[in-house]
Amino acid sequence: MFYTEKRDGFARLGVFEVNGLILKTPAMLEEELLKKIDFGKAPYAVKKIFPEIYEDLKPSGDVEILSGLQAMSPREIAESFSELRGNRPIYAVAYAEPVNVSLLVYLGADLVDNIMAIAKAYNGIYYMGDIELRLERMTEFPCRCEFCRGQKLNELKREEILRIVAGHNTEQLRMEVQKCRILIEEEKLRNYVEAKTKLNPELTALLRFSDLEHGVCFPRFRRSTCYFNSQESLNRFEVKYFLNRIAECYRPKTRALLLLPCTAKKPYLLSQTHRIIRSAVNVNVNEIIISSPLVVPREFELMYPAVNYDTPVTGYWSDDEVAFVAGWLSRLVEKGKFEKIVAHVEGGYRKVVERALKDHDVVFTSEGNVLDSSSLKKLKKELEGYEKYDLFSEMFSHAFRYQFGFELGGFVRGKYPEIELQNKERVARFDLRYGNLDIYSPFAKELLKRGDYCIRIAEFEPTTTIFCAGVESADQKIRPNDVVVFYNSTYYGVGIARMHGKEMVEAKKGVAVEIRRRYRF
Ligand SMILES: [Zn+2]
């Protein structure tokens with residue numbers, strides 16, 4: 001028996017019950033547990049070469065057995081995971097090591113084992129985190145785990161040493177698997193995996209192949225900081241989704257456009273730089289903030305990942321970076337009917353503007369430093385005479401369209417960024433933790449009318465959690481971490497999805513929704 005408790009892309013936290021034993025997954029199998037699994041008689045790799053033979057010899061248990069990974073190329077590994085993903089747990093056999101296990105978990109492995117850890121030990125290899133030490137080059141055990149502590153390498157027999165190393169290697173792997181569980185819980189696994197894959201080109205290749213596939217299991221919103229540390233960061237689902245979605249939902253209204261550089265502080269409006277600019281200049285026009293790899297119309301600055309990302313700032317922009325950002329900037333500018341474009345930028349930001357808008361007349365207002373009084377004076381002159389622009393209302397309409405596909409009117413209350421939309425009662429507020437909108441009864445009813453992001457549950461009184469067993473149907477658009485509406489004939493309410501819509505209908509057990517608030521019809 002297996003069920004999911006939390007999903008993040010292909011990775012998930014789950015519970016696996018085998019012979020009365022309950023394991024929290026991702027888990028490392030060892031010793032007795034390994035004997036309880038039906039491995040079948042042929043490794044998964046055989047399926048590609050001799051599919052008929054594989055059908056006869058494949059395992060028959062409740063676990064998807066992914067064996068023969070050693071013999072596969074990165075592309076084949078990515079494809080095999082893709083073929084096996086579903087409601088049953090995936091067991092990646094005899095392949096996990098401290099350096100690759102986080103990527104295996106990211107690809108969807110629920111179970112791994114310590115077979116490689118032991119095999120390596122008996123080949124004289126000692127794990128030291130991600131690096132491997134040859135036993136013959138060691139003079140002492142550098143670790144204080146229960147196996148290594150107090151052991152004198154030069155006083156032990158060969159077989160005693162190998163037994164110690166096998167135990168030690170297993171502990172190193174166990175810790176790495178536990179780390180993965182914490183990282184999934186904290187929604188930080190992707191940042192970690194991107195860093196890890198840099199230790200080995202094969203792992204980088206495997207991540208790149210996996211990034212070619214993004215399903216409905218990937219969340220649009222997360223409560224962790226999105227790091228843009230590597231080339232692979234551009235392939236993150238949330239980056240692709242964000243840029244495509246804002247290009248669909250952006251509706252600039254003013255006759256002029258202001259382009260500004262990004263800031264380390266998020267949301268940008270709270271940064272000193274943007275505050276100084278706005279106190280010196282009346283900004284009543286649409287703004288687009290240039291960053292890398294993001295380009296963010298001001299209206300979307302509270303949405304994930306714009307609201308919570310970190311990118312290395314060196315002042316140096318590579319040609320690829322300039323081209324990528326310029327491409328998106330030009331797409332966004334095309335959405336407006338701008339008579340005037342003012343760019344208050346320097347350095348690489350200016351290169352982006354020049355590349356993106358070479359067919360437009362752009363007024364550059366910064367003279368060496370965006371905060372110099374001469375620069376600000378020039379900017380002020382260019383932005384004079386535009387009527388009031390209601391930025392906060394526009395933030396709500398843009399966020400509604402981005403997140404739910406339609407908008408609802410109202411008036412804005414609160415101090416930025418803790419703002420909410422009211423319409424007799426509270427309609428929505430920005431949830432800065434996830435970078436999305438949290439919604440209340442009036443908007444929930446609107447979603448019920450449309451059937452969007454809705455989950456029909458059985459006739460019970462929902463309290464804190466909705467389990468899959470209680471889900472009757474769910475909108476297939478729903479992704480993990482989406483804000484959703486649940487209902488039966490008596491109750492409706494707002495919650496946060498813990499898995500995607502199809503999964504919560506198909507799974508017999510597991511956590512589908514965490515409830516935020518409940519109403520009676
Ligand atoms: Zn040790």
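This is a short conversation about how a few terms apply to one predicted model.

User: How should the numbers and the model be read?
Analyst: Residues are numbered from 1 along each chain as its sequence is written, and side-chain values use heavy atoms, with hydrogens and water left out. Because the model is predicted, local features need pLDDT of at least 70 and side-chain atom pairs count only at pLDDT 80 or more, while totals for chains, interfaces and linings use all residues.

User: Why is Ser230 called buried?
Analyst: Buried means under 20% relative accessible area, exposed over 50% and partly exposed in between, with a 1.4 Å probe and protein chains only. Ser230 has 18% relative accessibility, so it counts as buried.

User: What makes the pair Ser230 and Glu194 a polar contact?
Analyst: A polar contact is a pair of N or O atoms within 3.5 Å, where, within protein, one must be able to donate a hydrogen and the other to accept it, and residues adjacent in sequence count only if both atoms are side-chain atoms. The side chains of Ser230 and Glu194 make such a contact at 3.1 Å.

User: How do you know that the buried residues of helix H6 are on the same side?
Analyst: Helices are DSSP runs of H or I with at least four residues, strands are runs of E with at least two, and both are numbered from the N terminus. In H6, residues 115-122, the buried ones are Met116, Ala117, Lys120 and Ala121. They cover an arc of only 140° around the axis, which puts them on the same side of H6; the arc is that of the directions from the helix axis to the C-beta atoms.
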